[in-house]
Amino acid sequence: MNEFAPLKGLRREMTQEMFEDLASLQCEIPEILGYVGTTEEKLARWCRKNYRLPLAETLFMLRQDGLIEIRRASFDQLKKSATLIQQQFARFLSAQEGNQQEKARQLAHQIFSLEGNETAAQLQALFAEEEEGE
């Protein structure tokens, strides 16, 4: 792009880069006007001269860069979090697996420790308790 002449306001000069940064930060027109110290008419003329678009259309177009950056940051954060979530999930599964193995050991111990005089009803009750616990 061609180098734009800065817009001179009461507070500061606004360059093309500064304007595009403010737009990508989702700044509203009054915020930009206050930041630079200029009027909406001057800003509108500056946009029309440099971007060949009205102020509202220019801001809408430039704001998309900020929305895309927000989406990129969200995906990056999700990728980082996905690793943490996967680690926690693996830890949870291994803990669950350990509990299930311990339950199986206890059940096997109870079954093999039964004496020959246990009744079928007692065995059914033992297995019923195990199924309810799952």
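Is Arg72 buried, partly exposed or exposed, and what is its relative accessibility? Arg72 counts as partly exposed, because its relative accessibility comes out at 48%. The close-ups below come from a predicted model, and Arg72 turns up again in the last of them.

**View A. Phe19 meets Trp46 edge-to-face.** Of aromatic pairs, the structure has five. In this one, the ring centres of Phe19 and Trp46 sit 5.3 Å apart, with 80 degrees between the planes. The two partners come from distant parts of the chain: Phe19 belongs to helix 1 (residues 16-24) and Trp46 to helix 3 (residues 40-51), with their positions 27 residues apart. Look for both Phe19 and Trp46 among the buried residues.

**View B. Trp46 also pairs with Tyr51.** Here the centres of the Trp46 and Tyr51 rings are 6.3 Å apart and the planes stand at 75 degrees, so this pair counts as edge-to-face. Trp46 and Tyr51 are both buried. Step back a little and you'll find a cluster, in which ring pairs link Phe4, Phe19, Trp46 and Tyr51.

**View C. Arg12 sits over the face of Tyr35.** This one is a charge and a ring: Arg12 is 3.9 Å from the centre of the Tyr35 ring.

**View D. Lys8 and Glu13 join in a salt bridge.** The structure has three salt bridges, and in this one the N to O distance is 3.5 Å. Lys8 counts as exposed because its relative accessibility is 58%. Glu13, at 39%, counts as partly exposed.

**View E. Glu28 reaches Arg63 through a salt bridge.** The closest N and O atoms of Glu28 and Arg63 are 3.4 Å apart. This is another link between distant parts of the chain: Glu28 is in the loop between helix 1 and helix 2 (29-36), Arg63 is in helix 4 (residues 55-112), and they are 35 residues apart. How do the two ends compare in exposure? Glu28 has 41% relative accessibility, so it counts as partly exposed. Arg63 has 17%, so it counts as buried.

**View F. Glu69 and Arg72 pair up within helix 4.** Back to the residue we opened with: Arg72 forms a salt bridge with Glu69, and their closest N and O atoms are 2.9 Å apart. Both residues lie in helix 4, spaced three residues apart, or about one turn of the helix. Glu69 counts as partly exposed because its relative accessibility is 46%, and Arg72, at 48%, counts as partly exposed too.

Notes:
Residues numbered from 1 in each chain as written. Predicted model: local features only at pLDDT ≥ 70, side-chain atom pairs only at ≥ 80, totals over all residues. Heavy atoms only, no water. Phe/Tyr/Trp six-rings, centres within 6.5 Å; stacked < 30°, edge-to-face > 60°. Helix = DSSP H or I, 4+ residues; strand = E, 2+ residues; numbered from the N terminus. Buried < 20%, exposed > 50% of the residue type's maximum accessible area, 1.4 Å probe, protein only. Lys NZ or Arg CZ within 6 Å of the ring centre and 35° of its normal. Salt bridge = Lys/Arg side-chain N within 4 Å of Asp/Glu carboxyl O.
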